[in-house]
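I opened the model to look up how its helices pack and where a few chosen residues sit. These are my notes.

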Amino acid sequence: MRALSFDQVGRPALDARAQAGETPLDILAQGDGQSPNILVLGAHADDIEIGCGGSLLRLLAEHPHSAVHWVVLSGSEARAEEARASANDLLGAGTQREIVCGGFRDGFFPYQGAEIKDFFEGVKSCFTPDIIFTHRRDDAHQDHRLIAELTWNTFRDHLIFEYEIPKYDGDLGQPNVFIRLSEETCERKVAILMRHFATQRNKHWFTDDLFFGLLRLRGMEANSPTTYAEGFYCRKVVI
Ligand SMILES: [Zn+2]
């Protein structure tokens, strides 16, 4: 594992605003007057873009002063480079960001649990998120599941959206939160995926029609006027 350094990114968010009675949903509803601190967690280099790339693009368009802490847990140097280039492309020039690649061994997360838990504590010590995007607790991939468990284990008072990753195992479920997306946003999400992840292009599932297909399916379930959406699982909401 590479040595890690965490810089302070964003502002102390939740504690001060929680004392004023604000919830993350309040912050989202206030438009750009109150931009959220967003933590995005992915086990592998392309998970964040696949799971919530469109929603991040929409959130950042609506809240351009957000701060984003972007964490990819695994990856060789080549995959970490892909992750950084893709994250920077998606976040654009103006977003305050910290991009961290952990270098844990792909496929072996449950056997590196103590080290990964320490890593999560490091993230928690340097960034105070309002909203967290992470893997789904019921995901069939063992790395994804561990990240979901440690997210809930580490962050105890936060709005957490669990995203979905299509895969051979066929573990898609019934999301209970949908974020509607414009066609333009979906095209940008898919273009970023196809542009930056050269190491994945030989995989039969890594195609633009698969990504558009899931966006279309969730858009239908969300009755989206644009026909597109991303689906999430939210297990606790405080109003
Ligand atoms: Zn993954």
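The entries below go through helix pairs first and single residues after. The model is predicted.

**Entry: H5 and H6**

I started with helix H5, residues 113–126, and helix H6, residues 142–154. Their axes lie 10 Å apart and meet at an angle of about 45°. The pair is therefore oblique, since the angle falls in neither the parallel range, under 35 degrees, nor the perpendicular one, 65 to 115. I looked up the hand of the crossing of H5 and H6 and got right-handed. From H5, the contact takes Gly113, Ile116, Lys117, Phe120, Glu121 and Lys124. From H6, it takes Leu146, Leu150 and Thr154. I sorted these residues by class: four are nonpolar, two polar and three charged.

I noted the spacing on the H6 side. An α-helix has 3.6 residues a turn, so residues three or four places apart point the same way.

**Entry: H6 by itself**

Next I checked the length of H6. It has 13 residues, which at 1.5 Å a residue should span 18 Å. The end C-alpha atoms are 18 Å apart, so the expected and modelled spans agree.

Which residues of H6 are buried? I found Asp143, His144, Leu146, Ile147, Ala148, Leu150 and Thr151. Leu146 and Leu150 are also in the contact with H5. I then asked what the buried residues of H6 pack against. The partners are H5 and four strands: E1 (37–42), E2 (67–74), E4 (131–135) and E5 (159–163).

**Entry: H7 and H8**

I moved on to helix H7, residues 183–196, and its packing on H8. The angle is about 145° and the axes are 10 Å apart. The crossing is right-handed. H7 brings Cys186, Val190, Leu193 and Met194. H8 brings Asp208, Phe211, Phe212 and Leu215. The class count for this contact is seven nonpolar, no polar and one charged.

**Entry: H3 and H4**

The next pair was helix H3, residues 47–62, with helix H4, residues 77–91. Their axes are 10 Å apart, at an angle of about 30°. H3 is therefore roughly parallel to H4, because the angle is under 35 degrees. Glu49, Gly53, Leu56, Leu57 and Leu60 of H3 meet Ser86, Leu90 and Leu91 of H4. Five of the contact residues are nonpolar, two polar and one charged.

**Entry: Asp46**

I looked at Asp46, in the loop between E1 and H3. Is Asp46 buried or exposed? It is buried, because 23 other C-beta atoms lie within 10 Å and the cut-off is 20 or more. Leaving out residues up to four places away in sequence, Asp46 touches Leu193, Phe197 and Gln200. Leu193 also takes part in the contact of H7 with H8. I took one distance as well: the C-alpha atoms of Asp46 and Ser86 are 8.4 Å apart, across 40 residues of chain.

**Entry: Leu39**

Leu39 is in strand E1. It counts as buried, because it has 27 C-beta neighbours inside 10 Å. Beyond four places in sequence, Leu39 touches His69, Phe127, Pro129 and Ile132. I also paired Leu39 with Gly103, 64 residues apart along the chain, and found 18 Å between their C-alpha atoms.

**Entry: Arg216 and the loop after H8**

Arg216 lies in H8, residues 208–221. It is partly exposed, because 16 other C-beta atoms lie within 10 Å. Its contacts, not counting residues up to four places away, are Thr227 and Tyr228. The C-alpha atoms of Arg216 and Trp70 are separated by 26 Å.

Thr227 led me to the loop between H8 and E7. Most residues other than glycine have a negative phi. Thr227 is not a glycine, yet its phi is positive, about 80°. It is partly exposed, because it has 16 C-beta neighbours inside 10 Å.

Asn223 is in the loop between H8 and strand E7 (229–233) too. Its phi is positive as well, about 50°, and it is not a glycine. I counted 10 C-beta neighbours inside 10 Å, so Asn223 is exposed; the cut-off for that is 12 or fewer.

Terms used
Residues are numbered from 1 along each chain as its sequence is written. This is a predicted model: local features need pLDDT of at least 70, side-chain atom pairs count only at pLDDT 80 or more; totals for chains, interfaces and linings use all residues. Axes are lines fitted to C-alpha atoms, for helices over the stretch in contact, and angles run from 0 to 180 degrees between N-to-C directions. Helices (H or I, at least four residues) and strands (E, at least two) are DSSP runs, numbered from the N terminus. Angles under 35 degrees count as roughly parallel, over 145 as roughly antiparallel, 65 to 115 as roughly perpendicular and the rest as oblique. A crossing is left-handed if the near helix is turned anticlockwise from the far one by less than a right angle, and right-handed if clockwise. Two residues are in contact if their C-beta atoms, placed from the backbone, lie within 7 Å. Ala, Val, Leu, Ile, Met, Phe, Trp, Tyr, Cys and Pro count as nonpolar, Asp, Glu, Lys and Arg as charged, and the others, Gly among them, as polar. The expected span of a helix is 1.5 Å times one less than its number of residues.
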